[in-house]
Amino acid sequence: MRHYRIIEIVNHEPLKIGAGGSKANQNEPSKDHLPGSTVRGALIAQLIRHGRFPEEKQAALLQRLYCYPAYPSAGDVLYLPAPQHLRMDKHRWRAYMHRLREHGDYESIEPFTISNLFEGDKGKDKNVLEPRFIGRDQVNGEPTLHGMKPKKVYRLHHNTKKNEDQREKENLFQYQALAPGQHFRALIAADEDVLDWIEPVLQAEPDWYIGGSRGSGYGRCSVRLTERPFGYEEAKGLLGLPSSEEVVNGNLTLTCLSDCIFRDGHGQPAPHYPVERLEEMLGVEVSVEKIYVQTGMTEGYNAKWQARYPKEACVKAGSVMRYKLKGTPDESLLQAGIRRLEAQLHGYRTQEGFGWIGVNLDYPNRLVMGAAGPKEAAGHATSQDGHLQVKENDEDWEVIRIMNAGLSEHVKTNWLEMICATSLEGNQSKPAIRPPTENGPALILADTLSNHHLGRMLREVEEWLGQRDQKETKPSQRKASGESQPDYMTDNAKCSIAGANFLRILDYLYRDPDQVMEADARITEYAQKMLGGVKAELLYADETNERMRQKRFIAELLRQGLWMMRRKHKDRETRKGGEGA
């Protein structure tokens with residue numbers, strides 16, 4: 001009888017788990033989880049280190065020890081690869097993410113609704129789920145899926161042996177790795193005598209080294225034995241797997257929880273679980289009804305061989321297959337067959353975690369982006385975009401400081417100028433506006449504005465930026481809103497951002513960051529959109545308050561646009577002066 005152990009892994013250093021490519025390519029991407037082969041290799045390394053890998057035990061340890069992949073976890077929830085039969089509309093998803101960033105908490109807004117292709121929703125939503133991993137928990141008492149993306153980091157290195165005879169060595173390279181401070185949970189299965197042999201190692205010193213480049217500051221983890229379940233059914237609950245539904249109308253749905261290597265009777269790669277094998281497991285005739293699969297190639301590096309594993313075609317984790325049961329099978333025999341199907345790994349390379357199958361897993365049609373369960377229980381928070389957050393450390397901030405120092409002020413100026421140039425359409429004789437529509441230009445500055453108008457507005461914006469830089473909070477010195485204001489400050493066709501005229505922009509800037517007004521919605525939405533890129537995150541990384549970051553961007557964008565218009569007027573006057581001479 002196969003027995004199980006559950007382990008929890010917390011990485012204290014980045015984890016370099018290669019996701020493909022050649023070893024010659026030192027910019028190799030990183031996987032989002034720990035494959036079973038990686039967990040197995042680390043466990044065998046610990047057995048060797050503790051002197052518990054004698055020759056007489058090697059055959060049993062290598063052939064009867066099964067290491068499942070380690071997936072991200074938070075609290076009691078395990079995040080599994082998103083299944084292919086669940087779909088979403090990407091445009092509605094972007095709108096949901098904007099609302100989430102605005103409110104800051106998924107409990108404050110309605111969950112996102114997804115479609116199930118097996119439930120007649122075909123054609124309604126066509127895009128696969130945006131979150132790479134999903135877990136199941138309760139939100140306001142309703143079963144809900146939680147999406148997340150493991151956080152990754154880049155680190156810069158240099159190769160002293162590359163281009164040694166060249167003056168310009170060009171020997172810098174970077175690794176992508178899983179960021180430190182993340183939690184993973186994995187299952188280990190083996191016969192009782194094998195588990196009894198390896199358990200002292202699981203209970204020994206917690207520090208393991210996992211993945212590649214362990215001598216360069218990667219791979220240190222703490223590993224803890226958390227549970228000793230009796231049988232796979234108990235292991236499912238303790239691990240955090242979704243519950244299984246009963247077989248209805250003869251429908252049997254298999255979900256690949258890990259990559260699977262299936263072959264047909266002729267030894268050729270198969271895109272689904274072989275029908276003959278399934279009939280043997282269940283004792284009833286079956287036929288393939290629908291499959292939603294993603295195929296790929298296996299990857300891996302064997303440190304003992306000092307070489308990569310041969311590539312093989314596989315069905316990727318998250319692939320889903322539905323089979324139709326023929327006839328009326330005996331319920332007790334069918335359930336026994338399903339339990340055997342779930343408890344075993346199937347196909348090839350099962351010792352490395354390939355072939356993990358879930359049967360009739362229940363997936364709600366509600367999805368939120370954020371950590372499941374209480375934040376204290378999760379052990380770490382999740383950002384609004386679903387990335388698992390790690391505790392900020394001095395090293396991370398030092399990297400950000402160096403990158404910001406390398407981005408001189410003209411980089412931000414050029415970026416803002418590019419945004420302004422894209423919005424400011426028209427020529428010298430026409431206002432720089434298009435017909436006002438919902439998707440109209442983000443920034444409008446009319447050509448009819450005089451140098452005096454531009455200078456007055458520029459002073460107002462620079463006054464706010466100066467107060468912000470000095471951390472002051474005094475109110476605006478402009479006239480009270482009840483008094484008459486120049487038309488160029490109130491006319492959207494002369495000066496506006498996202499449909500808000502100049503005075504409304506000033507109101508938005510001077511308003512308390514905690515005070516949210518409905519009138520600010522379009523400006524906020526535009527700022528969120530423009531600050532969502534990687535370059536924007538680096539350029540504004542020193543501003544930790546999200547609303548102040550948005551306000552600073554709007555003010556600096558308007559200042560840059562006003563500068564460009566003043567420069568345009570100056571160039572025009574210079575040309576006129578030259579013509580008159």
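A contact here means that heavy atoms lie within 4.5 Å of each other. In this predicted model, 74% of the contacts in the protein chain between residues at least 6 apart in sequence join residues at least 24 apart.

The protein chain holds 16 helices and 28 strands. Of its 581 residues, 48% count as buried. The accessible surface of the chain comes to about 29200 Å², and carbon and sulfur atoms account for 48% of that area.

One element of the fold is an open sheet of 3 strands, in the order 8-6-9, with antiparallel pairing. Its edge strands, each pairing on one side only, are strand 8 (115-116) and strand 9 (127-128). Strand 6 (residues 86-88) runs antiparallel to strand 8, and 2 bridges join them. Within this pairing, Leu86 stands opposite Asn116 of strand 8. In general, the strands of a sheet pair through backbone hydrogen bonds, either parallel or antiparallel.

Two loop residues are set out below for their backbone angle phi. Most residues other than glycine have a negative phi.

| Residue | Phi | Loop between | Relative accessible area |
|---|---|---|---|
| Asn140 | about 55° | strand 10 (133-139) and strand 11 (142-148) | 62% |
| Arg349 | near 55° | helix 7 (331-343) and strand 24 (357-359) | 16% |

Phi is positive in Asn140, although this residue is not a glycine, and Arg349, also a residue other than glycine, has a positive value too. Asn140 counts as exposed because its relative accessible area of 62% is over 50%. Arg349 counts as buried because its relative accessible area of 16% is under 20%.

Methods. Residues are numbered from 1 along each chain as its sequence is written. This is a predicted model: local features need pLDDT of at least 70, side-chain atom pairs count only at pLDDT 80 or more; totals for chains, interfaces and linings use all residues. Side-chain values use heavy atoms; hydrogens and water are left out. Two strands pair if DSSP finds at least two bridges between them. Helices (H or I, at least four residues) and strands (E, at least two) are DSSP runs, numbered from the N terminus. Buried means under 20% relative accessible area, exposed over 50%, partly exposed in between (1.4 Å probe, protein chains only). Accessible areas come from the Shrake-Rupley method with a 1.4 Å probe; for residues, only the protein chains shown count as cover.
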